[in-house]
Structure formats: structure tokens, C-alpha cells
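Biologist: I am new to this one. Could you show me the model and take my questions in turn?

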Amino acid sequence: MRSLNIFILEWKHFVRSPFKIVALLLFIIASIYGLHNGADLYKKQHSEIERINKEIETQKEETLSYYRNNQKGPENRSWIDVTTPFWAIWSTPTYHFKAASPDLVYNIGQTEQYGYYKKIGTTSSPYDPDMAKEIANPERIQSGTLDFSFVVLFLLPLLLLVLLYNIKGQEAEQGFLPLVFVQTGSKNWWIASRTAFYTLLLLLTLFGLMLYGAMLTQVFDAETAFFKIFAYITIYLLIWVFVYFLILKNGKNTVSNTLQMIGVWLLFAFIIPAAVQQWVSIEKPANLMIDYIDVKRDKTEEIYGQDSDITDAQLFSLYPTLQESVIAKDSVRINNARRRSIRAILNVEMKTATDNLEKDNQAKNELIANTFWFNPISFFQNKLNTLTKTHYNDYQNYRDEIQNLVDKRLETMVLDIWNDVKINELKFIEYTNKLSK
Amino acid sequence: MLKIIKNEWLFLVRSRIFLGISVAFIAILLLSVFLGNYQTQKQAHTHDTAKEHVRQQWVSIDDMNAHSAAHYGTYVFKPSNLLSSLDEGVNSITGNVLKVEGHVQNEITHSEASQMQSISRFGKLKPSLLLQYIVPLLLVFLAFNSVSNEKQSGRFKLLVLQGAKPLQIILSKTVSVWLYGVLLLTFILGVYGVLTFQNLTSEILTRTLLFFVSYALYYFIISGLTVFFSARWQNATLALTAMLGIWIIWTIFLPNILMSSAEKWHPLPSRSEFQAAMKEDRAKGIDGHNPADERSEALKQKVLKEYKVDKISDLPINFSGIRLQADEEYGNSVWDKHFGSNRAILKNQKESVQLGGIINPFISLQNTSMGFMASDNLHHQEFLLQVENYRRVFIKMLNDKYTHSKRTAEHNGNADNAFFRSVPDFEYQPTTISAVFSNYVLDLSLLIFWSLLVIVLIIFGTKKIQIV
């Protein structure tokens, strides 16, 4: 009953505070703007994927027409022969996508740092230039997109500050604090009830905003992390409530409380994450991809220049069944098959180089994760990134899937070349299905 | 007025809280300068090692077909810049590695931000982060009760009775708070100057001076506005909350919203659309690797006529080289059209954001800070242009060599090591401030405009303030 009275009084205080109402309204407007930014990006990525899929269909139809018309390829490119595995696979349009999750509406995360569609060929690698992020204004990316997670992680503590800053301080300044304590019985209970009122108000607002966001990208139609996201947001809010409660409990006046609250916010929102990023950059400077470049150029030259015996041994070790293939026993045709299969050996070298790079990146991620106990905003940011599938690791998984598709493409190509498989319309359709999964 | 400023400072230095906050903040500022400088040096070392490695690979080529060498290509790494110790701008998200090769203008890839999970939404702990976000807040905290407190204690009335004019007092308060910001700024730039003393050039000094001017103007706007609110309102908390509200809107809300809106007003093509459009235009030109191409045939006839021979084999040169260079030149016109269009869109976006300075001087400050520290998108685009110009010279040298290295019974047609050594390496020429200064005139003008507006506000808005 006592708490209910405090809640009712706090409600009256709230509706009579235009500053607090304006702050809440601004927060809601920013959240809606952020949710729309997330939804726009989600829709943009999906329509782009749809457009590329249509393009793939056109390309597929073009190649199929060669089989139907007994042609070997485009008229002006006489060297192309789609009845051979090499050119048939070369003409098989394959893209791999990282389709955005509907939860993107809540958090854009690292989405804009990476590409989300990749054309797969036998010479592809997950670190090709076409894996670069979408064309965008770097100054905009640097300043960050105002998405819902930004509003929650950075503006929610500020809104809470605006709602709580004058609790106790105002009464102390007006001299009726002892009277309040007499009437409510306990100082802590009174402050806790008042902060609980605003906590509930914010939780309801956040839940409402999340439901609004859910309508923008049909979040509930898919497997979603909606409730997990809300749970993390709730924990995040409660942490700030606890910190501010301690300041209010021990504070003496409104100004000093406000300064302390904003000081804590600055420390956690700006200083600590920025210092951690600076430290990580010093410990592990940006990788300039030297290992990758070396494989792309020198190793390629070396492998193309090596003796046939070495190449054969490497190919047989990769694909043991090749030794028994038709071409392996044909001393003339083996040269062409060998040359076209060298990409598979290069692919192994490329994977070794990218492995090193990924280990380096993983070491950076571990360094960052080790700071989470004193760097809570980065922890929550990465947690939200994971839940909305926009974390570095999600893009790493996407790169791994690309690598698997390249491996599969090369294996299919090498085996079919060496087994002298003839490609017809049906086999080509089989390729298009097999190589894209 | 000077006496009032002196008195203000005497009060300030007597305050233990003020001294404590100042010492702690200066320590963080010093840390940011040292770390920023150390990181730049470390990045520069990584860059130099990578550059040397790639160059060594190039000059070690003993014998290679010049066109194969164009495919082998080289790599350019984005150099770190001494000024980015103060403001890193867009450097951590723009990529670091750019392949220079024949037939294609590649895009820069492998940004630092893409190599790890998220950390800071506001970048690294560089002095610019503290100077842009934290120092203004300190100024607000110093100024929010500077006049209201005086009124409540009766000191304001006393000063007026002693002959000081209210306007003088308010302006003096503004200047004394502003001086605190300027002193912090001077201190940081002084430490930066000492750390980089050996590399200081007139260019760096000019840029740093402009950096100083833009921050000093912004600090004046913040100090003046806060003191103005403090003078207008009896309640110090109201002045504080109003300024905090303005700070949040200016530094957190509007920059994000303006940037996102500018991108919507002037949309860039998607990567796939961009590539498809270039491919389409490229297909209209000569195909350097396809002798059966119609345009290639026309070129062949032209060259044969020029050399007055009937067959390619009778030419004293290698026709493939001419065809490849023709292909390259056509490609260049395509790249110029499409990359040029993107640059124009980015320029329009930038201009729209700059106009945002009319309602938000923080936007102007961010633009000048990154711009004068050579780390904004404009400088990044200049770097990319230099690399592309280098690529064109590089590929032309290779194609010319290929043209004049006809395979004969005695010679395999390949270029030798001396030739590869003669191909110059890419040397980045930092963009001078005189070349790009005009791009920041609007930002500086808006900061000046805001400063004047604050003065006008103080003069006319405090004419009728209550003395008690």
C-alpha cells in the first residue's frame, strides 16, 4: 500500500514535469527512428538479395540455352565449352548470402562492416574484394547509425538520469526530506519505490517499442530472439537503475547527483570503451593481410611453376580417387586437367593464410572479451549483436560457409574433369543445385 | 573585465573539486595523446614493413611477361598519418589494403573495424573524443551556476554596485569558463607538439592551428550559452538540465540523424548495382583479352595501316600490348564515370551534412576536426585518387613494355629485372591544407556565426535580467 501511494505520487510528479515528459517523448521518437533505420536496412538487404537471385536465374537460363541449342558457349568466346566440367562450373552462377535476420530491426550491429552477398567461383576466397562492405559514406558509418540498440545502450541511461536526477535532492533542497522519511518510514524504501516507478515506466515503454519494431519486419514470423533481447535490455536497465540508486541514496543535492550520474555514464559509454579500443589497436594493429597477399601472388607463381610430379602428388593427396581416374591414365589430356585443377592446391594454401588471419582476429576478440567485466556497454552491444546475428562471429560463420562452398565447387570440378564427365542440361541443373548449398 | 576574469580564476583554483577534476581529466587527456601517438607510430611501422615487403617482391621479379606482371600487380597500404593521433576520423573503417592491377580499379578493403567485434561506438581514446564530447560537458558544469549562484549569494548585486555592468560580468564569466577549455586545448596541442617535434612541418602547424581555432570557437559557443542560461534563469538546475539536453541533442542525436538523412537524400548505388553498371559500360568497349572482339579488329586494322603492313606478325611491335592498353584506357573512362559519380554523391551528402551546422555547431566542429587532421572522407578520397592515378601510370608502363617486347627466336618477350626495378613505387603525397581549405570554409563560418549569435544573445538577452 505504501509503495502504491509512492507510485501514485510519483505519477503525479511525472505528469507535472514537462522536462521529463519531453525527454521521454524524445526517447520514443529516437527509438522509432532507430527501429525504422533497422527495418529499412533489413528490407534493403532482402530486396538486393531478391534482385541478385533474379539475375542468377537469367544467367542460368542463358547457359541452359546453350545446351538446348547445341551451342558450346557465347558466340564471341569460342574457347568456352559448357559441355566440359571446367566451363560448366565456370558458367554456374552461384551466390552465397547472409540473409538479414528480422531482429536486425533492433540492432544493426556490425552489419555495415561486411558484405552480405558473395559470388562464388573456383578462385574465390572469403577475403576477396567483393566481400567488402556495401558502398556507404564512411563518415556516416564512423558516426554510427542511430538504431534501436544505440538508443537503448546510450540514451536509455541518459533518460533514466533525467527521470531520476532530482529524487531526494529536490526534497533536501526544499528542506522537507525529514518529513518524507517520517511519512514513508524508510529512506531506502522511498528512493527504491520512486526509482522502481520509473523502471517500470521504462520497461513498459521499451516493450511497447519492441512490439512496434516487431511489426516492421515481422519478427514473430521467424525464429526470433525477441524475448532474449528484451531480457538483456531489462538487465541492462536494472544495472543502471542500481548504479543511479546508489548515487541518489548517498547523494546530498540535485546538482552533485546529476554530475555523478553523468560522470558514471561518460566513464562507461565513452572513456572505457574508447580506451579498450585504443589498447587493442596497440596490442594488435590492423592486419595488412601480408600472408594472404603472399599466397595470392608468390605462392600462386610457385605452384604454377612447380614440376608436374609435385602437382600430381598434391592433387592425389587432396583427392585420392583421382589416381584411378580416366584422365590420370591419359598422358596427353592429363596436362590440361592438371592445369585446371591447380586452383584446388592454391585453395589449400589460401585457407592456411586466412586461418592465420582469423586466429589473429580471434585473439583480438579474446582481448576485448577479457575487458567485459569492466566494460559493460561493449558486453551488451556484443550480446545484442549475437542475438540479432550481426556479430563478428556471425560474419565469420558466413565466411566459413563461403569457404565450404568454394571447397565443394573445386572438388566437384576436379573430380569431374579427371573422370572426364560430359555435362548436359541435367548435369548443369544438378551443378546449380549442388554448388549453392 | 580583466579583474572579474582574474577573480573568477582565483575562485576556481581555490576549489578542490575543480582542481581534482582538472587533474584527473588532464591525466586522461595526456594518456590519450601518448596512446594515440604510440598507436600511430606502431601502425606506421606495420605499414612500412608491409610496403617494403611488397616492393621487395616486385623488384625481385627476374623474368616475367609484362602483362602477367600487370595481373600480378602490387598492393598499396593506406599510410597512417601523424595528425590522426589527434583525430582518427574515418581511418579505422575505410580499409587499409588496395590491390593495384590491370583491367580493374579495385576498392580498398580490410578495415580495422572489420577485424574484430564491436568495442566503442565513438572510436578510440584519441584527444578528439575528449575534446569534442567531454570538455564541453566540463565547461557546462563550470558555467551552469556561474551567474545564478552570484545572484543567490548577493555578490552579483555587490559587483553592480561597485560599478561593474551586468553585461561585463556575464561576458567575463563566459570568457573565464571559455579560457579553461582553451587552456586544456593548448595543453594537449603543446604535448602533441613536443611528442612530434621532429616531424613538425609548416603544414602540420597550419592544420593544428586551424584545429585549435575551430575548437576554441565551439568552446566559446558552449560557455556563452551556458552562462546565458545561468543568467536568465534563477534556478541553476534548470540551466544545467537545459544545457545537458542541448549537449545530448547536438552531440548524440543530430549527427547520427543528419548523416543517415543525408544518405537517404543522396543515395549511393548498392555494390551489386554499381558493379553491374560498370560491367555493362565496360562491355561496350574493347576487350583486351579477346582478339575476336569487333572493336579489337578495328584497332588492328588501324595499327596495320599505321605501320603499313598486312599482318600482325609483320608488325615490329606486339599488337596485344596495344590492344591491352586500348582496353585499359577505355576501362579508365568507365571507372571515371562510375567512381566519379559516387564521389559526386558523397560530396552532395557532405554538403548537406555541413548545412546541418546551421542548427548544430557540433557538426561543423566534427567536420573541421576530421578535415584539419586529414582524416575525413575528403582526404580518404584524395588518397584513393592518387592510388588510381598511380595505377594508370603503372599499367601503362607494363603495357608499353609488353608492346615493345615482341617474342622472337632470340627473345622470349618477357621483361627483365632491370625493368621491374625501374617501375616506381607508389608514394603518397599528403593533401595540403591549401588545396582543400575551401571545403571547410562553410564549417568555420558557421562556427563563427554561432559564436556571434551567442554574443548577441548575451548582449540582448541579459539586458533586463534581475540583479537579485
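Biologist: Which element gives the most to the lining of the second largest cavity?
Modeller: This is a predicted model. The second largest cavity has a volume of about 480 Å³. Elements giving two or more residues to its lining are β3 (97-101), α10 (271-283), α12 (319-355) and α14 (377-403), in chain B. The top contributor, with 8 residues, is α14(B).

Biologist: Which residues lie closest to the centre of the second largest cavity?
Modeller: The lining of this cavity counts 29 residues. They divide into 14 nonpolar, 7 polar and 8 charged. Closest to the centre are E107(B), I108(B), H380(B), Q381(B) and L384(B).

Biologist: How much space lies in the largest cavity?
Modeller: The count comes to 4 cavities of 30 Å³ or more. The space in the largest of them is about 750 Å³.

Biologist: Which elements give two or more residues to the lining of the largest cavity?
Modeller: The lining has 40 residues, and those closest to the centre are I141(A), Q142(A), S120(B), R121(B) and G123(B). Both chains also appear among the elements. Chain A gives α4 (138-143), and chain B gives α4 (127-143), α9 (236-265) and α13 (361-372).

Biologist: How many residues of the largest cavity's lining are polar?
Modeller: Split the lining by class. Nonpolar residues number 12 and charged residues 8. The polar count is 20.

Biologist: Is W11(A) or F14(A) buried?
Modeller: Buried means under 20% relative accessible area. W11(A) is at 44%, so W11(A) counts as partly exposed. F14(A) has 5%, so the buried residue is F14(A).

Biologist: What kind of aromatic pair do W11(A) and F14(A) form?
Modeller: The whole structure holds 57 aromatic pairs over all chains. In this pair, the centres are 5.9 Å apart and the planes 40° apart. Both residues lie in helix α1 (residues 2-15) of chain A, 3 residues apart, about one turn of the helix. Planes under 30 degrees apart would count as stacked and over 60 as edge-to-face, so the rest are tilted. The pair is tilted.

Biologist: Which residues do ring pairs link into a cluster with W265(A)?
Modeller: The cluster draws on chains A and B. From chain A come F150(A), F154(A) and F270(A), beside W265(A). From chain B come F122(B), Y133(B), Y218(B), W247(B) and F362(B).

Biologist: Over the face of which residue does R297(A) lie?
Modeller: Take R340(A) beforehand: R340(A) lies over the face of F86(A), at 4.2 Å from the ring centre. R297(A) also sits 4.2 Å from a ring centre, and that ring belongs to Y72(B).

Key
Residues are numbered from 1 along each chain as its sequence is written. Chains are lettered from A and ligands numbered from 1 in the order in which they are written. This is a predicted model: local features need pLDDT of at least 70, side-chain atom pairs count only at pLDDT 80 or more; totals for chains, interfaces and linings use all residues. Side-chain values use heavy atoms; hydrogens and water are left out. Rings of Phe, Tyr and Trp (its six-membered ring) pair if their centres lie within 6.5 Å; planes under 30 degrees apart count as stacked, over 60 as edge-to-face and the rest as tilted. Helices (H or I, at least four residues) and strands (E, at least two) are DSSP runs, numbered from the N terminus. Buried means under 20% relative accessible area, exposed over 50%, partly exposed in between (1.4 Å probe, protein chains only). A charge sits over a ring if NZ of Lys or CZ of Arg is within 6 Å of the ring centre and within 35 degrees of the ring normal. On a 1 Å grid over the protein atoms alone, a cavity is a set of points where a 1.4 Å probe fits but cannot get out, and a pocket is an open set with protein on both sides within 12 Å along at least five of seven lines; lining residues have an atom within 4 Å of a point. Grid points are joined across faces, edges and corners, and a volume is the space filled by probe spheres set on the points. Ala, Val, Leu, Ile, Met, Phe, Trp, Tyr, Cys and Pro count as nonpolar, Asp, Glu, Lys and Arg as charged, and the others, Gly among them, as polar.
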